[in-house]
Each structure stands twice: as structure tokens, then as C-alpha cells.
Amino acid sequence: MSLYDFKGARILVAGDLMLDRYHFGTVSRISPEAPVPVVNVRKTTQTLGGSGNVANNIAHLGADAMVMGIWGADSDAGILKGMMNNINVGYDMVSTGAPTTTKLRVIGEKQQIVRLDFEEILNLTQSQASEVAAKAKEHIKQCGAVVISDYGKGFCTLNVCEEIIRLAEKQGIPVIVDPKGSDWRKYAGATTVTPNVKELAEAVGRHVPNEDEAVVLAAREIIDRVRLKYLVVTRSEKGITVVDGKDYMHFPTEAREVFDVSGAGDTVVASLALGLAKGFSLREAVMVANRAAGIVVGKIGTAPVLLSELNGVHDVKSKLMPLDKLQAELEKARLTGKKIVFTNGCFDILHKGHVTYLKKAAELGDILVLGLNSDDSIRRIKGPSRPINSENDRAEVLAALESIGYITIFDEDTPHDLIKAVAPDVLVKGADYKVEEVVGREFAKKTVLIDFVQGYSTTSVINAMKGDSK
């Protein structure tokens with residue numbers, strides 16, 4: 001497979017922008033005030049939601065996005081601005097008197113306790129719609145495709161959708177719609193709409209089983225009714241089906257394992273738009289979207305697909321994390337019942353013994369976290385001539401190993417504090433230790449010792465190199 005490169009592509013994302021906020025905590029008692037659990041909040045995270053997640057995917061695939069939508073004159077709008085600035089996503093928004101749409105989820109002990117929606121759904125006024133149309137006219141001139149991301153929050157009115165589709169058609173660029181609701185007349189003339197099977201059934205007004213013939217039949221009914229070029233139907237574990245007036249194509253899923261489908265539709269829309277904007281054939285663009293969907297459902301929570309992942313390239317940036325970010329990722333993983341394994345070491349010169357050890361460690365759980373000694377800590381432990389390779393070089397080589405989920409660098413002489421922070425289900429060390437000697441074992445549910453491959457060590461490799469140089 002040739003490597004994808006979306007640099008230079010620019011997508012207009014018009015739709016409902018939201019802020020997704022999560023409170024994670026523990027539950028140990030029932031409130032005396034009412035029969036509800038008391039959640040002791042330990043961590044709060046925030047992500048771009050709605051059309052913002054589409055833009056987030058576009059940015060992480062190496063392209064440019066311009067977001068158009070509505071938000072309020074409040075602090076949540078300021079948070080969204082900061083998030084988009086951080087990933088270099090442009091925005092041209094209409095400010096309304098309604099609050100910025102925000103979804104707050106409270107999660108305790110791996111269970112969502114409640115979701116709080118902060119929103120007031122008000123359709124754009126005629127003057128606001130005219131303002132959007134004028135802005136869209138200028139942005140479309142600089143874009144290779146348009147995404148309409150409809151979450152039913154008031155931005156995607158009939159007038160706005162019709163005008164954006166008309167402007168894009170005049171410019172000769174494709175329009176990809178992520179739909180909402182049963183009335184698709186406002187999407188008339190779009191290049192394609194990307195429903196899941198449930199949304200397709202809602203649009204045709206009857207139950208549609210997730211079977212090839214039924215999906216194709218319903219899709220053709222909608223194509224004729226709404227005047228679309230084709231329909232791209234996402235079908236969960238059955239992949240994606242593309243239907244036009246005369247033919248259809250089925251693309252089986254590329255997902256290895258499904259952890260979380262949150263945001264998968266946004267990923268499909270973003271990658272499909274980028275493929276079409278770069279001039280890919282329909283088949284190739286859908287293949288990109290299907291591959292991206294297969295990657296994103298293997299992640300925990302709403303998260304974008306990275307270009308390196310799409311290209312099958314191991315990127316150290318996707319695995320190497322500071323401790324605070326790592327803890328947030330592991331918190332999400334635990335909510336889905338994933339078992340966390342931890343080990344640590346210098347891994348100065350990677351050899352067969354290391355690779356075998358790490359593979360065995362990874363097999364003890366779902367996610368292997370590697371604590372990597374910093375250069376300074378290695379010098380204190382092994383002397384001024386070590387390490388041979390810098391911490392960044394060591395991390396990059398280790399990131400290429402499929403067995404490793406995350407890498408975090410620690411500067412202390414022992415990983416005691418790091419293990420305490422990670423609180424792994426399984427702590428792994430080499431069999432040259434005794435269990436009672438393992439640092440941090442009190443913070444793990446289980447400690448496992450793994451035998452090393454005989455004849456392999458960094459020291460022996462260095463000594464052999466010295467011998468060869470004589």
C-alpha cells in the first residue's frame with residue numbers, strides 16, 4: 001500500500017460544534033439525600049465533539065479544516081477555541097444567545113451514571129443564515145470538499161444546507177453529509193450522505209435489517225428521493241456499503257477488535273472527504289474511510305485517527321506520553337474492563353531478549369505500559385558512559401514494537417512513584433528478581449516474573465562490540 005498524504009487538502013466542516021466533558025470517579029456509597037450513588041470525581045477530561053471531532057480527525061490526518069457553526073458567549077466557547085487553536089483548526093462561528101452545546105458525562109466505577117446536556121436548540125434566524133451563507137461562499141473557494149455535520153442542534157437548517165450545497169456544486173467540489181433525523185430533503189443535491197443502518201431505516205421510515213439486499217434497496221430509495229450521487233452506509237461489524245443508482249460495493253470491516261464505536265462516524269466522514277478532496281476514486285476514498293474506521297473503533301473513547309496509523313507507520317508520538325496524559329488514557333481503558341500491564345527498564349540496545357520479554361509481558365493483559373528510564377537516571381545507575389542511545393531514540397525504536405501500548409519516561413532511580421500512579425493490574429519484572437524485591441509491587445494487583453532469554457543482555461552486546469574493535 002502506498003502511503004497516504006493529505007497535505008494541502010482543506011475541508012470546510014459546517015455543522016453542530018459541541019464540547020464533550022467527562023468526570024471520572026469512584027463510587028463507595030449511596031447519597032443520604034436520595035437513592036443515588038455518590039461519585040467522588042478523580043479526573044475531568046474535555047474533547048471536541050460533534051463537528052469538532054470531524055475537524056480533529058482532519059487535522060490529525062495532516063490536512064486543514066475550517067469549522068463553521070454556532071456557539072454561545074460563554075466560557076465553554078472559549079474552551080473550544082483553545083482546543084481548535086491547539087490543533088491549528090480554523091473557525092468562523094456565529095455567536096448566539098443560547099449556551100454552547102456541552103455534554104457532561106459522569107462516570108463512576110466503569111459505569112456512566114448520568115449525562116447532563118447544556119443546550120438550547122434554536123434554529124438560525126434568517127439574518128444569521130444569511131451571515132453563514134456569505135461566509136461559506138468565501139471559505140468554499142479555498143476548499144476541496146465540504147462536510148455537513150448535522151447533530152440537530154440548530155445550525156443545519158433547510159436554508160443553510162441548501163445554500164452550502166448550491167455553493168459547493170457551483171465550485172465543483174463534493175459535499176459529504178453526516179445526517180440527523182428522518183427528513184433528508186435539506187440534503188438534496190449533496191454528493192453523498194453517510195448514515196449508519198439505524199439512520200438509514202429512520203430516513204426510509206421502516207426497519208432495515210443489516211443485510212446486503214435490504215441495505216441496497218433502502219439506499220436506492222433514498223438516492224432517488226433526495227437526488228444524491230451515491231450513499232455510503234456504515235454497517236458496524238459488516239463494514240461499509242456504497243450504493244449508487246446502478247451498482248453497489250461492499251467493503252468488509254478492517255477492525256481487528258472493537259473497543260468503542262464513539263466518533264467512528266466522524267472518522268469515516270473526515271477521511272472520505274479528504275480522499276475525495278485529493279482526487280481519489282470513489283473506491284479508493286471509501287477504502288481509506290473503511291481503514292480509518294477500523295482503526296478508530298480499536299481505541300478507547302472519542303479519539304482521532306493519526307496519519308501514521310492510517311499508513312501503518314509506528315509513530316513514537318502516538319505511544320510516548322507524559323504521566324498525566326497516560327493516566328487519562330488508562331482511566332478510559334479501565335472503564336471498558338481492560339487489564340493494564342506495567343514493566344520498566346533502560347532498553348539501551350534493543351535485542352532479542354528484550355523483544356521476547358516484552359511480548360510475554362503484553363500477553364498478560366490488554367495494554368502494556370513501559371516505564372523507560374531517562375538518560376539522567378541511567379547515568380546515575382550505570383555510570384557516565386551510558387546510555388549508548390538517547391531516551392528519544394530508545395523510545396522511537398520501542399514504539400515500533402506492536403506489543404507496547406504506551407511508553408512514559410521517568411527520571412527517578414526506581415519506578416516506585418510511576419507504578420503508584422499507573423496502579424497496574426499486573427506488574428512484570430525479570431526472573432532475576434524475587435517477588436518480595438520488586439519495587440512498587442504493593443500498587444499492583446499481581447506481580448509476575450518472566451525468564452530472560454539466555455545469552456542476551458545489553459552488557460554482553462556492548463562487551464562484544466568492544467572485543468570486535470580491538
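Which backbone oxygen lies 2.9 Å from a polar atom of the side chain of Thr 343? The first legend answers this, and the views after it cover salt bridges, aromatic rings and a surface patch. The model shown is predicted.

**View A. Thr 343 and its surroundings in strand 16.**
The backbone oxygen in question belongs to Val 428, and its partner is a polar atom of the Thr 343 side chain, 2.9 Å away. Thr 343 is part of strand 16, which covers residues 340–345. Its relative accessible area is 0%, so Thr 343 is buried, the limit for that label being under 20%. Apart from neighbours within four places in sequence, Thr 343 is in contact with Tyr 357, Leu 358, Leu 368, Val 369, Leu 370, Gly 371 and Val 428. Val 428 therefore appears both in this contact list and in the 2.9 Å pair.

**View B. The salt bridge between Arg 105 and Asp 20.**
The structure has a count of 21 salt bridges. In one of them, Arg 105 pairs with Asp 20, and the closest N and O atoms are 3.5 Å apart. Arg 105 belongs to strand 8 (residues 102–108) and Asp 20 to strand 2 (residues 17–30), so the salt bridge ties together parts that are 85 residues apart in sequence. Arg 105 and Asp 20 are both buried.

**View C. The salt bridge between Arg 166 and Glu 163 in helix 4.**
Here the closest N and O atoms are 2.7 Å apart. Arg 166 and Glu 163 are three residues apart in helix 4 (residues 158–171), so about one helical turn separates them. Arg 166 has 41% relative accessibility and counts as partly exposed. Glu 163, with a relative accessible area of 24%, is also partly exposed.

**View D. The salt bridge between Asp 413 and Arg 380.**
The side chains of Asp 413 and Arg 380 meet at 2.8 Å, N to O. Asp 413 sits in the loop between strand 18 (406–410) and helix 15 (416–422), while Arg 380 is in helix 13 (residues 375–382); the pair links distant parts of the chain, 33 residues apart. Asp 413 is partly exposed at 44% relative accessibility, and Arg 380 is partly exposed at 45%.

**View E. A network of salt bridges.**
Lys 103, Arg 115, Asp 117, Glu 119 and Lys 153 are joined into one network by salt bridges that share partners.

**View F. The aromatic pair of Phe 6 and Phe 280.**
Six aromatic pairs are found in the whole structure. Phe 6 and Phe 280 form a tilted one, with 6.1 Å from centre to centre and 45° between the planes. Phe 6 lies in the segment before strand 1 (10–15), and Phe 280 lies in the loop between helix 7 (264–277) and helix 8 (282–296), so the pair links distant parts of the chain, 274 residues apart. Phe 6 is buried, at 0% relative accessibility, whereas Phe 280 is partly exposed, at 22%. Together with Tyr 4, Phe 6 and Phe 280 form one aromatic cluster.

**View G. A nonpolar patch on the surface.**
Which residues form this patch? They are Ile 113, Val 114, Leu 116 and Phe 118, and together they have about 290 Å² of accessible area. Phe 118 is placed in strand 9 (residues 111–118). Its relative accessible area is 40%, and Phe 118 is partly exposed.

Key
Residues are numbered from 1 along each chain as its sequence is written. This is a predicted model: local features need pLDDT of at least 70, side-chain atom pairs count only at pLDDT 80 or more; totals for chains, interfaces and linings use all residues. Side-chain values use heavy atoms; hydrogens and water are left out. A salt bridge is a side-chain nitrogen of Lys or Arg within 4 Å of a carboxyl oxygen of Asp or Glu. Helices (H or I, at least four residues) and strands (E, at least two) are DSSP runs, numbered from the N terminus. Buried means under 20% relative accessible area, exposed over 50%, partly exposed in between (1.4 Å probe, protein chains only). Rings of Phe, Tyr and Trp (its six-membered ring) pair if their centres lie within 6.5 Å; planes under 30 degrees apart count as stacked, over 60 as edge-to-face and the rest as tilted. Patches are made of residues with over 30% relative accessible area and no salt bridge: like charges are joined within 9 Å, nonpolar side chains (Val, Leu, Ile, Met, Phe, Trp, Tyr) within 5 Å. Accessible areas come from the Shrake-Rupley method with a 1.4 Å probe; for residues, only the protein chains shown count as cover. A polar contact is a pair of N or O atoms within 3.5 Å; within protein, one must be able to donate a hydrogen and the other to accept it, and residues adjacent in sequence count only if both atoms are side-chain atoms. Contact means heavy atoms within 4.5 Å.
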